[in-house]
Amino acid sequence: MAERAIPIADLRYAAATPRIPEQLTPPSGLLSDRLGRPLHDLRISVTDRCNFRCSYCMPKEIFTNDYGFLPQSSLLSFEEITRLARLFVAHGVHKLRLTGGEPLLRKNVETLIAMLSELRTPDGQPLDLTLTTNATLLARKAQALKDAGLKRVTVSLDALDDAVFRRMNDVDFPVAEVLAGIEEARRVGLGPIKVNMVVKRGTNDHEIVPMARWFREHYDGQVILRFIEFMDVGASNGWRMDDVLPSAQVRERIHEVFPLEPLEPNATGETAERWRYRDGAGEVGLISSVTQAFCGDCNRARLSTEGRLYLCLFASQGQDLRALLRGGASDEQIAAAIGLIWQERGDRYSELRGAMQADTGTGQRRVEMHYIGG
Ligand code: SF4
């Protein structure tokens, strides 16, 4: 895997400067892209650092102690993030998700949450404000996050077996502390809590049923476990199709032990297919990012730690919104630039995956997941 390593600093600094249209049309909240998809969901990466070294995201061989993470001066400040978020909300964004790296590593992230929680949609509604975390710091921070205005959390957990989990996070972090974080998040009311398990064939697929059993039996249906197909995000994780266990097989394995039946989606653009246990013990989600692309409804944009806007998880180039912020552009100009970028969007990588090579061969490399969140 190590010989596939590609330093991402190269691509991080290759961004396009957004075009400001001559006509500064104010946001209508009804933006749509070339494929008719609205802009609904903004994922904001607040740090490119993580304290785990999961092989599918930040493998240790590449992300060493000497790795060139972004300096503090490159990161968007909380004021810059909030200013951009306000403009995205004017364009129709209803949901903000903080990601990383590991977002709880960003100093005083509660202050940012408090600032974002003040934002309202054009019709005066509060936003769905959430955060994805590895939960290493969650037990300590859950109350402060809740007090700051966070609505709910999604926790990444790839195995329940302590030895498997320690091996996967590659920093010897114990499962018990993640479970303590989930428990504390539940206690303070950061729910419904979702737990995401990335399933890699031959690595943790034997943990599917134990994970299902644990989350059925311990949380009164208040924690929703979701299984995610191992994806070819970035260029560091040595992805092979053979490593993907299709969601249909995940479902069969659970169904054999705990019979399932389908549920209707909660909302358009929802990534997870919902199934509930027939005995009423809650539900699970299946995210078939590889075997059943859901680009047709994709309403998500991603803002990197240093203010690059990415239109797809698999994008190779971002639009440098920080250059506009720090170059003195007005809110009207930045909003108009964002509108134009979204209107020109045609990304649908997962639908095209079969016809493309993992590496495009053009010298462009896809952005890494720790840099824009999952
Ligand atoms: S591949 Fe890109 S466009 Fe398709 S669902 Fe994923 S993020 Fe959205």
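Here is a short walk through the chain, its strand 10 and the ligand surroundings.

This is a predicted model, where local features need pLDDT of at least 70, side-chain atom pairs count only at pLDDT 80 or more, and totals for chains, interfaces and linings use all residues. Numbering starts from 1 along each chain as its sequence is written.

Let's start with the whole chain: it has twelve helices and twelve strands, taken as DSSP runs numbered from the N terminus (helices are H or I, at least four residues; strands are E, at least two). Of its 374 residues, 45% are buried, meaning that 20 or more other C-beta atoms, placed from the backbone, lie within 10 Å of the residue's own.

Now zoom in on strand 10, residues 300-303. Both its faces are covered, with Arg300 and Arg302 buried on one side and Ala301 and Leu303 buried on the other. Strand 10 pairs with strand 1 (residues 41-45) in the parallel sense over four bridges; pairing here takes at least two bridges found by DSSP. Arginine 300 is the bridge partner of aspartate 41.

Strand 10 also pairs with strand 11 (residues 308-310), this time antiparallel and over two bridges, and leucine 303 has leucine 309 as its bridge partner. These two strands make a hairpin with four residues between them, and glycine 307 in the turn has a positive phi of about 85°.

Arg300 turns up again around the ligand, alongside residues including Cys295, Cys298, Cys312 and Asp347; such residues have a C-beta atom, placed from the backbone, within 6 Å of the molecule.

Technical notes:
A residue is buried if 20 or more other C-beta atoms lie within 10 Å of its own, exposed if 12 or fewer, and partly exposed in between; C-beta atoms are placed from the backbone.
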